[in-house]
Amino acid sequence: MAKDPRVTRIEDLPGPKSKEEFEEMKMPYEEYCKAQFDPGNEPSKPNALNGIRWMSTTMYIFTPHSVSNLAEMGAEVIKVEMPRMGDPMRHCAPFNETYLYPLHDSRPMTGTGMGYLNANPNEYHISMDYHLPEMKEAFYSLVRMSDGLTECYRPGTFDRWKQSFRYVQEMNPRFIYVWGGGFGYGPKCFGGSYDILGQAHAGLASVTGFHEYIGGHATKHSNWCIDWYSGTQITFGILAALHWRRKTGLGTMIEFSQVQAATRCLGYAAPLYGRFGIVRQRWGNWDTQLCAHGIILCGKSDYPDAKNPQDRLEARYAMISAFQDEDWKELCAITGMKDLYDKYKSHKERVEAEAQIEIYAALEKWAEDKSRSEVVKVCQDAGLLAEPVCNDREYYENEHWRMRGTVRWMDDPIFGDVLQHGSYSAGLMAKTPRQLNWIWRPVGADNVKIYHELLGYPTSKIEAWYEKAWI
Amino acid sequence: MCDIIWCKKDFEGKPCNTINYLDPYCFWNWEGTINCAECGTVYYIHMIQGKMYKGPEERPGEKPDTSPLYADKPLDGYRFYGAGVEGRTRPFECLPRDIYLGVPDMVKFSIRGRPVRGHRPQPPSAGIAGSYGFNWDIPKLSPDLWEEYQQKIKNGEVTEW
């Protein structure tokens, strides 16, 4: 092992020990994959959804993401935003000055926050106050020329504005209409939603985080994972609806409750209750069905001298897995937990709650004087599955992801140099890969392109609308 | 919350009456001394699995090992010591204070030294109805930034990653 445990030497790793040996042992399959996916060369390949035009009257992350999946796969997406203001997500940014300028011609001192990233790539951004009777004609024209629309307003709002499914299907029977929102129709019809509400109300937060018994709380995920997750589920619905339309020639309506989507990740929770009346509980970084199979806290940070506290203080967690009997034996041998091995020889015994509390406490005790990479190294050397809990910087610096192209820099045509990790990490497709052409555009940036070039309105009319703030 | 220390020590002529909150993340299994956020009295506690096994016992003259996460005075209106009050509550180390200034910090270049449009104000589009072209022509629209960028290239400050 190298002196500095952070350094990984090739001779310490399992597998080939030199470049020559690697060449010799290299599987042709890997070469094949490299040639097939060819990271960096995506723009030379066709787009799967070329020819699909989608309208996006969406906000924040959940519903925009359902459409951004389409846009990355080549659909022509027209994002319709409120004039001057745009999607409220543009105004939500993490700490500090994480805005990219400009937002809009009329607001030179306002930018779009980084929170908008990954939710609206490759889209044409127009502005339109579509609830005005004066703008209905333009809205309906777009409906006639599009394959579908995603909206996120309270149930019935688009109906009141005469642009819900029952209106638009009269204009375009092939139209696929998606409503994405909080609770869906039913007694709680008017409840709105946020990611945190979805996580909380669906029961997901109640099984996330450690149990109160060991110092935990019901926890939401730091990121808006249910926004991203349920948006992706809508995309599946849209693709299925497009397939159905090829057979029947008819559009359809998709109604999608974010709160209900989150229950999908709950796995066996409801059936468990149905069978035994047991309410599923939280088990934090451990596993209810496998042991040892969890994340432990190590005593020393991997970067004790780093300036950033996320590195200096937090780079201390390691994932360890050794639930099979042989692996468990090995883990007990390397950690010196012989008494625990004698006590919990079978998996059935060690997966019990009391056993897990004892086992993980002992593992953390063993890791008390070790850094994260030492713990991982010791486990890996013993043939066990172990990985450090990485932060964003480590993800960025990881050669594996760089080689696969899932983290990469892009030169956005408007906003310049942007680090991208979203589009290309959502699965590799050999023939029709996802592509990222631009991260987003300013509010109303494509007004002329869509109103004039696509719909044929004269520019004088577009300017008049602009003056009145209708677009 | 796993437990509190309700300090009732005489302080400035009346009972201190400060509730010091012992957050479970730090104190779930913990033994040591801790100061009262208001009067500074040092208490010894020993907690096991979130339960106060020993203490709080006063330890006058000892240096506290740590401080409560935050503290308040419920009998005294809404007086409150948040996290990170120096000498009273535990330092709040979640954010690098030298980076997060609380004021806009205009970034013109990404961490690999290439220009980004993350600064203001920006020139208007000069298009109809807020329309934008598809390319930000740096030398034409931001000549200062372009100059700075050329300098960076010369200095070798522009990298691939």
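Here is a short back-and-forth about how some features of this predicted model get their labels.

Me: Let's start with chain A as a whole. What makes up its secondary structure, and how many residues are buried?

Reply: Chain A comes to 20 helices and 13 strands. As a share, buried residues make up 38% of its 471 residues. Its C-alpha atoms fill a box of roughly 80 × 60 × 50 Å along the principal axes. Among contacts in chain A with a separation of 6 or more, 68% are between residues 24 or more positions apart.

Me: Why are helix 3 and helix 8 of chain A called oblique to each other?

Reply: Helix 3 (residues 62–72) and helix 8 (residues 225–248) of chain A pack at an angle of about 50°, with axes 7 Å apart. Angles under 35 degrees count as roughly parallel and 65 to 115 as roughly perpendicular. An angle of about 50° fits neither range, and the rest count as oblique, so helix 3 and helix 8 of chain A are oblique to each other.

Me: Which hand does the crossing of helix 3 and helix 8 of chain A have, and which residues meet there?

Reply: Helix 3 of chain A passes helix 8 of chain A in a right-handed crossing. From helix 3 of chain A, the residues in the contact include Phe62(A), His65(A) and Leu70(A). Those from helix 8 of chain A include Trp228(A), Ile234(A) and Ile238(A). By class, this contact of helix 3 with helix 8 of chain A has five nonpolar, eight polar and one charged residues.

Me: Why does Glu364(A) count as buried, exposed or partly exposed?

Reply: Glu364(A) has 14 C-beta neighbours inside 10 Å. Buried takes 20 or more, and exposed means 12 or fewer. With 14, Glu364(A) falls in between, so the label is partly exposed. Glu364(A) is in helix 15 (residues 353–366) of chain A. Leaving aside neighbours within four places in sequence, Glu364(A) is in contact with Ile296(A) and Leu297(A).

Me: What makes strand 1 of chain A covered, and how does that strand pair with strand 2 of chain A?

Reply: In strand 1 (residues 53–57) of chain A, four of the five residues are buried, so the strand is mostly covered, with 20 or more other C-beta atoms within 10 Å as the cut-off for each buried residue. Strand 1 and strand 2 (residues 76–81) of chain A run parallel and share four bridges. Two strands pair if there are at least two bridges between them, so four is enough. One of the bridges puts Arg53(A) with Glu76(A) in strand 2 of chain A.

Me: Over to chain B. Why are strand 1 and strand 9 of chain B said to stand at the edges?

Reply: Four strands of chain B form an open antiparallel sheet in the order 1-4-8-9. Strand 1 (3–7) and strand 9 (79–81) of chain B each have a single partner strand, so one side of each is left without a neighbour in the sheet. The twist averages 20° from one strand to the next.

Me: How do you know that strand 1 and strand 4 of chain B are paired?

Reply: Five bridges join strand 1 of chain B to strand 4 (residues 18–22) of chain B, and the two run antiparallel. The cut-off is at least two bridges, so these strands count as paired. Within that pairing, Ile4(B) stands opposite Tyr21(B).

Me: What makes strand 5 and strand 7 the edges of the other sheet in chain B?

Reply: Three strands of chain B form this open sheet, in the order 5-6-7 with antiparallel pairing. Strand 5 (30–35) and strand 7 (51–58) of chain B have a single partner strand each, so each has one side without a neighbour in the sheet. Strand 5 of chain B is joined to strand 6 (residues 42–48) of chain B by six bridges. One bridge partner there is His46(B), which goes with Glu31(B).

Me: Where do chain A and chain B touch, and how many residues take part?

Reply: The contact takes 37 residues from chain A and 35 residues from chain B. Helix 20 (459–467) of chain A supplies the largest share of the chain A side, four residues. By class, the chain A side divides into 21 nonpolar, nine polar and seven charged residues.

Terms used:
Residues numbered from 1 in each chain as written. Chains lettered and ligands numbered in written order. Predicted model: local features only at pLDDT ≥ 70, side-chain atom pairs only at ≥ 80, totals over all residues. Axes fitted to C-alpha atoms, helices over the stretch in contact; angles between N-to-C directions. Parallel < 35°, antiparallel > 145°, perpendicular 65-115°, else oblique. Left-handed = near helix turned anticlockwise from the far one by under 90°. Contact = placed C-beta atoms within 7 Å. Nonpolar A, V, L, I, M, F, W, Y, C, P; charged D, E, K, R; others polar.
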